[in-house]
Amino acid sequence: MSESPRVVYFSTKSGNTRRFVEKLGMPAERIPFEHDAPPLKVQSPYILIVPSYGGGNASGAVPRPVIHFLNDEHNRRFIRGVIAAGNTNFGTAYGIAGRIVAEKCDVPLLYRFELFGTPQDVANVRQGVTSFWQQHQ
Amino acid sequence: MTDMQTPAAPQLKRIDAINWNRLQDEKDLEVWNRLTSNFWLPEKVPLSNDIQSWNTLTSEEQQLTIRVFTGLTLLDTIQSSVGAPSLMPDSRTPHEEAVYANITFMEAVHARSYSSIFSTLCATRDVDDAFRWSEENPTLQAKSALILERYYSEDPLMRKVASVFLESFLFYSGFFLPMYWSSHAKLTNTADLIRLIIRDEAVHGYYIGYKFQLAYEEETPERQAEVKQYAFDLLMDLYDNEVKYTESLYDGVGLTEDVKKFLHYNANKALMNLGFEALFPDSVTDVDPTIMAALAPNADENHDFFSGSGSSYVIGRAEATEDDDWAF
């Protein structure tokens, strides 16, 4: 078991989620975006940070590479929580991908942030994840 | 790009047939699909169910509402007739141009939908008065001029900056009011329609901001610094004007300070769409929770898991995921 919280994330070319993860400054691995890239295999517990697609429907909200990553039972076994990126403009669908993954994997949705997050979001997540990690890794 | 000697002679620009099966940027197709699947028309919203509610508003509240919607109509008109088309010549891909065509049309739908609200709820004379008010109102005209100046400029980066500020910042002094009414169980069908517009504007601001960032990355550090300075200068000019506009509209009903928080919150999101860090600190972006709740009606959960407040330990509620991709 690692001391520091570990993050697995997905980010498209716009890079909002990647920017948030970089600001967090925690060890992080990116689920590959390219179709021909080798699949990511994790070996230890992690928190998933995922952007939401679409504007209201559950279908298509979770990026397909994230679904493929979680379809791997080995990867799924190590997930401890989810953080979702989104936009409140999408109303009830704000961060919906996080809700879907949380339900399917039976882990808590820890936090939601918009776009690449404000400095306060980064501080909240850094502090929250650190204490959560001590109890749930 | 423009030849002042021969304004009537269009430059011959080669056009190739658009192939959606050969993408240079997958974001174009992703956003196209998102926008087309979000397509809607005002006829689908039962606005007439708000007639009773409309009649419970005081005449001052009715006038405020009509004026706010007229101001929003002006912004949508600008975006449809000038803003989005002005982005087309600098498209990096043919697919980007097609997305702007979608945005252009959808902004026309937005502008049109306010007239649907008016014809359903309001007296013709009151609406005519509001349109006259919009033509003469100095702060509304000032924001229009600040934006149009960029749209007509020769700087493609600033055209995108101005577009993102319109889509992601300027609308919100107006969007506040239907969310406020909705939080008081008034004009709830109208609020449903406005939420559809709010959803569209988020995609527009995100996409135009994304394309801005691609172009911005290619510039020299000196030019980047210049553009960033112009962008923040424009935001502050728009903000100063927006505060005056807000005071002129909302002082009478005592909501100005609440609207200003909503402005700060959305200004930060506009900056983030452009890839810039948020400017307004948390202490001035604490939008009234009832307004935030009005953006997401029927959402009963609070996801602040870390602070332990609210209904926090959320193991997502049942969401029907219809994707075939899930294997568990």
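In what order do the elements of chain B run from the N terminus on? Let's walk along the chain together: they go α-α-α-α-α-α-α-α-α-α-α-α. Counted up, the secondary structure of chain B is 12 helices and 0 strands. Before I go on, please keep in mind that this is a predicted model.

Staying with chain B for a moment, it has 328 residues, and 40% of them count as buried. Take the contacts in chain B with a separation of 6 or more: 76% of those join residues 24 or more positions apart.

Now let's bring in the partner. On the chain A side, 38 residues are in contact with 39 residues of chain B. Where on chain A do they come from? Helix H2 (64-71), helix H4 (96-105), strand S5 (109-114) and helix H5 (119-136) each supply at least two residues of the side that touches chain B. H4(A) gives the most, with 6 residues. Sorted by class, this side of chain A has 13 nonpolar, 17 polar and 8 charged residues.

So let's look at H4(A) itself. Of its 10 residues, 7 are buried, so this helix is largely enclosed by the rest of the structure. If you'd like to find the buried ones on the screen, they are Ile96(A), Ala97(A), Gly98(A), Arg99(A), Ile100(A), Val101(A) and Ala102(A). And what covers them? Within chain A, the cover includes strand S3 (46-51), H2, strand S4 (79-86) and S5.

One last stop: just after H4(A) comes Asp106(A), and its phi is positive, near 60°. Thanks for listening, everyone!

Key. Residues are numbered from 1 along each chain as its sequence is written. Chains are lettered from A and ligands numbered from 1 in the order in which they are written. This is a predicted model: local features need pLDDT of at least 70, side-chain atom pairs count only at pLDDT 80 or more; totals for chains, interfaces and linings use all residues. Two residues are in contact if their C-beta atoms, placed from the backbone, lie within 7 Å. Helices (H or I, at least four residues) and strands (E, at least two) are DSSP runs, numbered from the N terminus. Ala, Val, Leu, Ile, Met, Phe, Trp, Tyr, Cys and Pro count as nonpolar, Asp, Glu, Lys and Arg as charged, and the others, Gly among them, as polar. A residue is buried if 20 or more other C-beta atoms lie within 10 Å of its own, exposed if 12 or fewer, and partly exposed in between; C-beta atoms are placed from the backbone.
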